[in-house]
Amino acid sequence: MIPEQFWLTDAQFSKIAPHLLTDTRGKARVDDRRVISGIVQVLKSGGRWVDAPPEYGPKKTLYNRYVRWAAKGVWVDLFHALAQAGGPPTEVLIDSSAVKAHRSASGGKGGRKNQAIGRSRGGRTTKIHALTDAQCRPIAFMLTAGNVADCTAGAELLAHLPPCEVLHGDKGYDSNAIRRRIEDGGALPNIPPKANRKWKNCFSPLLYRNRNAIERMFCRLKDFRRVATRYDRNAVNFLAAVCLAATVSYWL
């Protein structure tokens with residue numbers, strides 16, 4: 001093995017293996033460990049699939065496995081299964097990060113809206129919305145166009161909120177609807193109030209210090225160059241890349 005290349009260890013693959021598809025028909029799949037390692041290598045390097053190192057086998061096999069399993073939800077389900085195994089967190093953090101869409105991400109079916117690409121100050125972008133625990137470990141992801149407000153997407157993302165005591169968010173999530181949704185789930189919303197609020201909600205700056213954990217999580221995810229820049233036309237494929245990068249970075 002070349003040191004610069006990514007390869008799953010025995011311990012890492014033993015966590016993944018129980019969650020892979022087993023109901024395949026016809027010819028048996030080639031080495032799952034080699035193929036998944038090759039997919040992660042492409043996500044990390046940001047290169048084209050055709051430029052994948054030959055040590056990982058046929059390039060078409062890498063691409064087909066990545067796309068087909070993304071369509072079946074395998075990568076997202078794998079991420080959720082390993083994240084849930086970590087147990088319920090005490091504190092949860094919510095935030096989003098914008099990712100620039102490369103020109104090769106254009107042309108997805110249904111237009112930009114259906115493929116989570118929108119125009120903002122940074123040009124054509126996609127927003128990654130996330131929930132994490134206080135140890136930087138991601139719990140849930142959601143994609144929207146880059147011009148969608150955090151409070152709008154946050155209401156939908158909170159459907160994946162696990163049982164917790166406190167949820168930290170920035171001023172972008174300071175809305176009555178978001179606060180009610182968090183309180184209905186049994187958690188305390190620790191969100192700084194906007195300056196134009198007539199009635200200031202309770203807010204703890206001391207607890208809020210730990211909110212930088214979600215920023216560090218996004219920074220680590222963007223070490224994967226195919227997450228830092230979106231090259232995938234289909235939002236399903238890009239979400240799969242985000243979930244697979246998060247799985248490798250935090251849950252293996």
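# A guided tour, starting at P53

Begin by selecting P53, which is buried, with a relative accessible area of 17%; it counts as buried because the cut-off is a relative accessible area under 20%. Before going further, keep in mind that this is a predicted model. P53 sits in the loop that runs between α2 (32–45) and α3 (59–71). Now add Q5 and Q41 to the selection, since, once neighbours within four places in sequence are left aside, P53 is in contact with these two residues. If you also show G38, you can check a distance across the fold: G38 and P53 are 15 residues apart along the chain, and their C-alpha atoms are separated by 7.8 Å.

## Aromatic rings

Stay in the loop between α2 and α3 and select W49 together with Y63 of helix α3; the pair ties together parts that are 14 residues apart in sequence. What is the geometry of the aromatic pair that W49 and Y63 form? The pair is edge-to-face, with 5.8 Å from centre to centre and 70° between the planes. W49 is buried, at a relative accessible area of 11%, whereas Y63 is partly exposed, at 37%. Add Y66 to the view, and you will have a cluster of W49, Y63 and Y66 that is linked by ring pairs.

The structure holds six aromatic pairs, and another one to select is that of F203 and Y208. Their ring centres are 5.2 Å apart and their planes stand at 70°, so this pair, too, is edge-to-face. F203 is partly exposed, with a relative accessible area of 29%.

Rings can also have a charged side chain over them, and two examples are worth a stop. Select K44 and F224, where K44 lies over the face of the F224 ring at 4.7 Å from the ring centre. Then select R65 and W69, where R65 lies over the face of W69, at 5.1 Å from the ring centre.

## The nonpolar cores

Next, select I39, W75, I128, F141 and M217, which are the residues with the most contacts inside the largest nonpolar core, a set of 53 residues. Helix α11, covering residues 235–250, gives the most to this core, contributing eleven residues. Centre the view on M217 and show its surroundings: not counting residues up to four places away in sequence, M217 touches A130, T132, C136, P138, F141 and Y250. Apart from this core lies another one, of 17 residues, and you can find it by selecting L131, A153, Y173 and I182, which are among its members.

## Two positive phi angles

C136, one of the residues touched by M217, deserves a selection of its own. C136 lies in the loop between β3 (123–133) and β4 (138–145), and its phi is positive, about 75°, although it is not a glycine. C136 is buried, with a relative accessible area of 9%.

Move on to A116, in the loop between α5 (111–114) and β2 (118–120). A116 is another residue other than glycine with a positive phi, here near 60°, and its relative accessible area of 7% makes it buried.

## D174 and helix α7

Now select D174, which is found in the loop between β5 (166–168) and α7 (176–184). Is D174 buried or exposed? At 5% relative accessibility, D174 counts as buried. Show its side chain and look for two partners: there is a polar contact with the side chain of R179 at 3.0 Å, and the D174 side chain also reaches the backbone nitrogen of K194 at 2.7 Å. Beyond residues up to four places away in sequence, D174 touches R179, I191, P192, P193, K194, R197 and N201.

From R179, step along helix α7, whose buried residues are I178, R179 and I182. They cover an arc of only 95° around the axis, which puts them on the same side of α7. To see what these buried residues of α7 pack against, colour α6 (150–157), β5 and β6 (188–190). The tour ends at G186, which follows α7 and has a positive phi near 90°.

Methods
Residues are numbered from 1 along each chain as its sequence is written. This is a predicted model: local features need pLDDT of at least 70, side-chain atom pairs count only at pLDDT 80 or more; totals for chains, interfaces and linings use all residues. Side-chain values use heavy atoms; hydrogens and water are left out. Helices (H or I, at least four residues) and strands (E, at least two) are DSSP runs, numbered from the N terminus. Buried means under 20% relative accessible area, exposed over 50%, partly exposed in between (1.4 Å probe, protein chains only). Contact means heavy atoms within 4.5 Å. A nonpolar core is a set of buried Ala, Val, Leu, Ile, Met, Phe, Trp, Tyr and Cys residues joined through side-chain atoms within 4.5 Å. A polar contact is a pair of N or O atoms within 3.5 Å; within protein, one must be able to donate a hydrogen and the other to accept it, and residues adjacent in sequence count only if both atoms are side-chain atoms. Rings of Phe, Tyr and Trp (its six-membered ring) pair if their centres lie within 6.5 Å; planes under 30 degrees apart count as stacked, over 60 as edge-to-face and the rest as tilted. A charge sits over a ring if NZ of Lys or CZ of Arg is within 6 Å of the ring centre and within 35 degrees of the ring normal. The arc is that of the directions from the helix axis to the C-beta atoms.
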